[in-house]
Amino acid sequence: MKITDVKTILTQPGGEWLVIVKIETSEPGLYGVGCATHGERPLAVRAVVDEYLKPLLVGKSVEDIEDIWQTQYVTSYFRSGVTLNNALSGVDGALWDILGKRAGMPLYKLLGGKVRAAVTLYTHASARTLPELEDQVRKYMAEGYRHVRVQLAVPGFSGYGVSNPTSDEVRRMRPEGVAPSPVFEPGPYVNNTIKMFEYLRSKLGFEVELLHDVHERIPPVQAITLAKALEPFRLFFLEDALAPEDVQWFGHIRSQCSTPLAMGELFVNRNEWLPLVANRWIDFIRCHISAIGGLSMARKVAACCELFNVRTAWHGPGNVSPVGHAVNLHLDLASYNFGIQEENHFSQTLREVFPGCPEIKGGYLYANDQPGLGIDIDEKLAAKFPYKTPGRNRGTDRLLDGTIVRP
Ligand code: MG
């Protein structure tokens, strides 16, 4: 059976710029879909798929998944960039989907079968005040969630996950001549985050698992301070305490405290995560699966991590398409060293554009038993949601003095 056509489908049914690859085959009606979503630069991914990969794919056997991945990985000579990886992921997901459909099995069976009934999710709570944040966590606990990520706005400052408007007091601290921007400062953020955990643990106790995302915003030594200060509050994990550029510092955090560490949504290259795993510096690997090249690479990452007892926590907010979430789900179900899955709320519109969207019930994610990924795209409906702009630009916050802050 041969590949007869490859196309990219761009759609924005919610806030996110989604990229889906669809591969058609010589068997009429048999096709597969994969996620190639890089919301910041989706048109670049489309160009790679349409202009460079498609001509190499048409006529190839749909069964040669690994050979196709390895071949495409080297065709541009320079490799491991996020654009090529997303393009590879779209193709790869679609080929696995086709394999599952041909076998008449959901993908998790091809990956070795379920080792759990459903996938434990963590959800997001974020608020501008501590009582509001506590209320949100309690609401999720009442819905059945046992894991909640908590983000609290810093008074007067911007921040990741939730922000306050810049206060007049903060504005007065800025130097003359600085261009207006949202303001982030590491010190107030670190102090505020420690206070947040003190408050939440005093109100909620230790029954609920709490997570927090630093989003690589603070200098490494402040990340050490924060991780140590949070140790008594026993987080489920502290996410992206460091930027990918600073990963060697993880060894210093690990040597000083037992706060569990999760890292990886920006990783694109195996050399970025392999030392962290091999040195047992992190507890959870959090790659964005399409950004590392898709399922074929992710299942190798998962297997490697299992040998070091590092658990998976694949990146899963809205900038992973529902097709990408289906990939996460199948891998989560079949990986022994699964840790947790980040939840995305699928709107009604998303569910209509992507029939077969994974189901969320009481803090768990469930697979359907349809063959392959178990998810499809309604192309006619998807076409009703064209991109409003060519993609998202990140990086608006600046320090008081005007220095750009990592997103
Ligand atoms: Mg994150």
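The centres of domain 1 and domain 2, taken over C-alpha atoms, are separated by 27 Å in this predicted model. Domain 1 spans residues 3-106 and domain 2 spans residues 110-370, with bounds that come from an automatic or database domain assignment. Residues are numbered from 1 along each chain as its sequence is written. Local features need pLDDT of at least 70 and side-chain atom pairs count only at pLDDT 80 or more, whereas totals for chains, interfaces and linings use all residues; side-chain values use heavy atoms, with hydrogens and water left out.

The contact between the two domains (heavy atoms within 4.5 Å) takes 27 residues from domain 1 and 30 residues from domain 2. About 2,200 Å² is buried between domain 1 and domain 2, 63% of it on carbon and sulfur atoms; buried area is the accessible area (1.4 Å probe) that two parts lose on being put together, summed over both.

Across this interface, 9 residue pairs are in polar contact, both residues at pLDDT 80 or more. A polar contact is a pair of N or O atoms within 3.5 Å, of which, within protein, one must be able to donate a hydrogen and the other to accept it; residues adjacent in sequence count only if both atoms are side-chain atoms. On the side of domain 1 that touches domain 2, the elements giving two or more residues are β2 (18-25), β3 (31-35), α2 (65-75) and α3 (82-103). Helices (H or I, at least four residues) and strands (E, at least two) are DSSP runs, numbered from the N terminus. The largest share of this side, 10 residues, comes from α3.

The count between domain 1 and domain 2 is 1 salt bridge, defined as a side-chain nitrogen of Lys or Arg within 4 Å of a carboxyl oxygen of Asp or Glu. In the whole structure, 20 salt bridges are found. E63 pairs in this way with R102, the closest N and O atoms being 2.9 Å apart. E63 lies in the loop between α1 (42-57) and α2, and R102 in helix α3, 39 residues apart.

Aromatic pairs (ring centres of Phe, Tyr or Trp, the last by its six-membered ring, within 6.5 Å; planes under 30 degrees apart stacked, over 60 edge-to-face, the rest tilted) number 9. The ring centres of Y122 and F237 are 5.7 Å apart and their planes stand at 90°, so this pair is edge-to-face.
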